[in-house]
Amino acid sequence: MILETRGIGKTFGSVLALRDVSMGVAAGQVTCVLGDNGAGKSTLIKILSGVHQHDAGSYLVDGQEVRLSSPRDALDRGIATVYQDLAMIPLMSVWRNFFLGSEPRKGLAFDVAKARRVAREELRAMGIDIRDVDQPVGTLSGGERQSVAIARAVHFGARVLILDEPTSALGVKQAGVVLRYIARARDRGLGVVFITHNPHHAYPVGDRFLLLNRGTSVGEYAKADITTQELTALMAGGAELEELAHELERE
Amino acid sequence: MTMTADERVADVGMARRLLIRPELGAVVGLVVVFVFFSAQSPVFRSPAGIANWLDPAATLGIMAVAVALLMIGGEFDLSAGVLTGTSGLILVTLATRFGFNVWLAMLAGLVVALAVGLANGLIVTRTRLPSFIVTLGTFLMLQGVNLGVTKAITGTVQVSGLRRAEGFEGASAVLAGTIEIGGTSFRIAILWWILVTAVATWVLMRSRAGNWIFAVGGNEQAARAVGVPAARTKIALFMTTAFAAWLVGSILALRYTSVQANIGIGQEFIYIIAAVIGGCLLTGGYGSAIGAAIGAVIFGMADKGIVFLGWDADWFKFFLGGMLLLATLANRLVRRYAEEVKH
């Protein structure tokens, strides 16, 4: 396991946002974190990515217990987070965005030729189909933008990629594109934590599934132990769904 | 999924790629305006005529280029025009009333100008107030100081007599002199303008700082999230504008050897207009230094061209407004194209 939590918890004042959650992600594996709105998904990833500190349980990176002080700290340990609202500038070209904040230098200058070439190569290595690295990021589709952000995290040495709902705002086809890059990152040996509320997106790509409900773990399953149907039922709370079906029935 | 055989490449033709260059509108405007005036006035297209309209383009251009960088960084500076006056007034006052060497007086002006730029930058980045309001405040304050101090020292609204000051000859040759090219004398300010434009273009397109300028203007939050020093970038931009104001203020003071206390008022909008004609978006994150320089040339041409044609100078304002409207419309199209999301 590159990254692991044991009985981790977090309270905000009197609100128990997260309690007793154990999960982990290994190199070359995808761990999916599933849950409805308010299940504690975002609290969990904020702890994993160093935005919040946990106040119960333990957080281990490479088997060592850690307490991340900031997102920068997480990044330095190779834990990169790609948020839903990506840190991208729509009017800037793909290659300018790719290297923003970490521009390669040649003497005093920004090594533009290298930036262009490396961005193109990295995107191609991820199998990302960008027509032209000179086009503004704003002209890319949502899925392509996610893919560029993933490629950027991979290029800057991420070992673990935390993806916050990368497919939730996308259409079926675009979501498929992003899932393909998640698989690609996995194949390159990265550990991926994939947060989603869509079991149909999680199941095909995931190796392990952590289900959250009301701030706590409902269970962690390996792919062999669970089907999509079971995943869906568990996620929404099977009883609740049945109740809803009953309620919606014609009298 | 291969990159080579992508059927979508076809619809991003050469025309569209050119369209997203920010300078395009300005270049078209430049050609149209040049053809219009030179068709009716042979003087306009003669070397002497060119030297004549390049002169106002140069001093305006130095400012427009600096203001363009600032606007790409997402901010405005309304105090830039008055600051040219402040720098000039400090130069002439210190040199004529307090016996300063001209170079030393210029240095003092530079220090004050940079301090004003720093103050603008610090207030804007610390408080997150719109720079429009903050620099409107500095604009009014400087305007008051320019008039108040000048009146208190001289009893009039101008300071003059720089010609007699020590070091005037040298400073004047460097900043306010002329050079002969093919029998026509061109103002040396034109060289400074070209230099400023070249440096600004290099910074914007080929330096890390340039990447940061586009980023802080395009989406400051996102830029900060990937480690761009947003506050430092913006403060540096305000100080660059202040530096340009000092340069232009000094050039004008040395050229006319006297400075009116109300000089520069209203110029701040001309700088912004030139930058917008050059392709800068009012919302930041997009634009070009060369575009702003071309915008300044259009101004210079119209300013002098109207005189060459013997028209009333009032038509200049009409022309200004028309150009601005056209430029903003063109820029809106560019932005829509650049930001449209393809599915």
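# A guided tour of chains A and B

Begin by selecting A:Val172, which lies in helix α6 (residues 172–187) of chain A. The model on display is predicted. A:Val172 counts as exposed because it has 9 C-beta neighbours inside 10 Å, and a residue is called exposed at 12 or fewer. Next, add A:Glu249 to the selection. This residue is 77 residues from A:Val172 along the chain, and the two C-alpha atoms are separated by 29 Å.

**Helix α5 of chain A**

Move now to residues 142–155 of chain A, which form helix α5. Its 14 residues should span 20 Å at 1.5 Å a residue, and the end C-alpha atoms are indeed 20 Å apart. Is this helix enclosed or open? Of its 14 residues, 13 are buried, so α5(A) is largely enclosed by the rest of the structure. After the helix, select A:Gly157, where phi is positive, near 85°.

**Chain A as a whole**

Display the whole of chain A, in which there are 9 helices and 12 strands. The radius of gyration of the chain is 19 Å, close to the 18 Å given by the globule rule for 251 residues, so chain A is as compact as a globular protein of that length. Taken along the principal axes, its C-alpha atoms fill a box of roughly 70 × 45 × 35 Å. Buried residues make up 46% of the 251 in this chain. Among contacts between residues at least 6 apart in sequence, 69% join residues at least 24 apart.

**Helix α2 of chain B**

Turn to chain B and select residues 24–40, helix α2. This helix has 17 residues and reaches 25 Å from its first C-alpha to its last, close to the 24 Å expected at 1.5 Å a residue. Highlight B:Gly25, B:Ala26, B:Gly29 and B:Phe37, which are buried. Viewed down the axis of α2(B), the buried residues fall within an arc of 90°, so they line one face of the helix. The face turned away from this buried side carries the exposed residues B:Val31, B:Val35 and B:Ala39.

**Annotated spans of chain B**

An unreviewed UniProt entry places the feature "transmembrane region" at several spans of chain B, including residues 24–44, 102–123 and 235–257. Select residues 102–123 of chain B: the span is 100% helix and 0% strand, with its end C-alpha atoms 32 Å apart. Finish at residues 235–257 of chain B, where the end C-alpha atoms lie 32 Å apart and the span is 96% helix and 0% strand.

Key
Residues numbered from 1 in each chain as written. Chains lettered and ligands numbered in written order. Predicted model: local features only at pLDDT ≥ 70, side-chain atom pairs only at ≥ 80, totals over all residues. Helix = DSSP H or I, 4+ residues; strand = E, 2+ residues; numbered from the N terminus. Expected span 1.5 Å × (residues − 1). Buried ≥ 20, exposed ≤ 12 C-beta atoms within 10 Å, placed from the backbone. Arc of directions from axis to C-beta. UniProt positions renumbered as here; feature names shortened; annotations may be inferred. Rg over C-alpha atoms; globule rule 2.2 N^0.38 Å. Contact = placed C-beta atoms within 7 Å.
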